Amino acid sequence: MIFPSTSTHRNLSIAQDAGLVRAPDEPVNFLLNVAREHLSGYMRSGNDLVIAFKDGSSLQISDFFLRGVDAHHLVIVQGQERWWVRLSPPATGEGTMAASLEPVDEDSSHLLGLLGLGAVGLIAAGGG
């Protein structure tokens, strides 16, 4: 699977323990460095994405869906592996979302090159 729309998205690292992160106005690939087996689920709360972890903690990305379902992307970074989280959110409002993790294809050299450059920055909890 080739990762969608990477040429118009910049990369932004986020931490599991950030608590609350604000989505910027421009399209972003949110890079979350966490083991896939630590993920518990995904929920839409208004325009926010809430990521739940098996340890009971959560990470909220405010305004993740404000500009549409595909404006921002979530990428799980586990060592050298990259996994695109394909979300199937409710169109509006609240609710648990189905999600599938799809490996970022080696043929997606444009994304891998961007990821290889490193993260653009880390957003502190509540900072935005």
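1. Let's start with one residue, R86. Its relative accessibility is 30%, so R86 counts as partly exposed. Keep in mind that we're looking at a predicted model.

2. Who does R86 pair up with? Its partner is E102, and the closest N and O atoms of this salt bridge are 2.6 Å apart. R86 sits in strand β8 while E102 belongs to strand β9 (residues 94-103), so the contact ties together parts that are 16 residues apart in sequence. As for E102, is the residue buried or exposed? With a relative accessible area of 16%, E102 is buried, because the cut-off for that label is under 20%.

3. Stay with β8 for a moment. This strand (residues 81-88) runs antiparallel to β7 (residues 73-78), and five bridges join the two. Want a spot to look for on the screen? Try I76, whose bridge partner in β8 is W83.

4. Now zoom out to the sheet. Nine strands make it up, and the sheet is open, with mixed pairing. Reading across, the order is β1-β3-β7-β8-β9-β4-β5-β6-β2. Why do β1 (10-14) and β2 (20-22) each have one side without a neighbour in the sheet? They stand at the edges, and each has a single partner strand, so nothing in the sheet flanks the other side. From one strand to the next, the twist averages 30°.

5. Back to charges. How many salt bridges does the structure hold? There are three. The general idea is simple: side chains of opposite charge can pair when their charged atoms come close.

6. One of the three involves the edge strand β1. R10 forms a salt bridge with E26, and their closest N and O atoms are 2.5 Å apart. R10 lies in β1 and E26 in the loop between β2 and β3 (28-33), so parts 16 residues apart in sequence get tied together. R10 counts as partly exposed at 32% relative accessibility, and E26 is partly exposed too, with a relative accessible area of 32%.

7. Another salt bridge joins D25 to R67, with the closest N and O atoms 2.7 Å apart. Here the pair links distant parts of the chain, 42 residues apart: D25 is in the loop between β2 and β3, and R67 is in the loop between β6 (58-62) and β7. D25 counts as exposed, at 58% relative accessibility. R67 is partly exposed, with a relative accessible area of 38%.

Technical notes:
Residues are numbered from 1 along each chain as its sequence is written. This is a predicted model: local features need pLDDT of at least 70, side-chain atom pairs count only at pLDDT 80 or more; totals for chains, interfaces and linings use all residues. Side-chain values use heavy atoms; hydrogens and water are left out. Two strands pair if DSSP finds at least two bridges between them. Helices (H or I, at least four residues) and strands (E, at least two) are DSSP runs, numbered from the N terminus. Axes are lines fitted to C-alpha atoms, for helices over the stretch in contact, and angles run from 0 to 180 degrees between N-to-C directions. A salt bridge is a side-chain nitrogen of Lys or Arg within 4 Å of a carboxyl oxygen of Asp or Glu. Buried means under 20% relative accessible area, exposed over 50%, partly exposed in between (1.4 Å probe, protein chains only).
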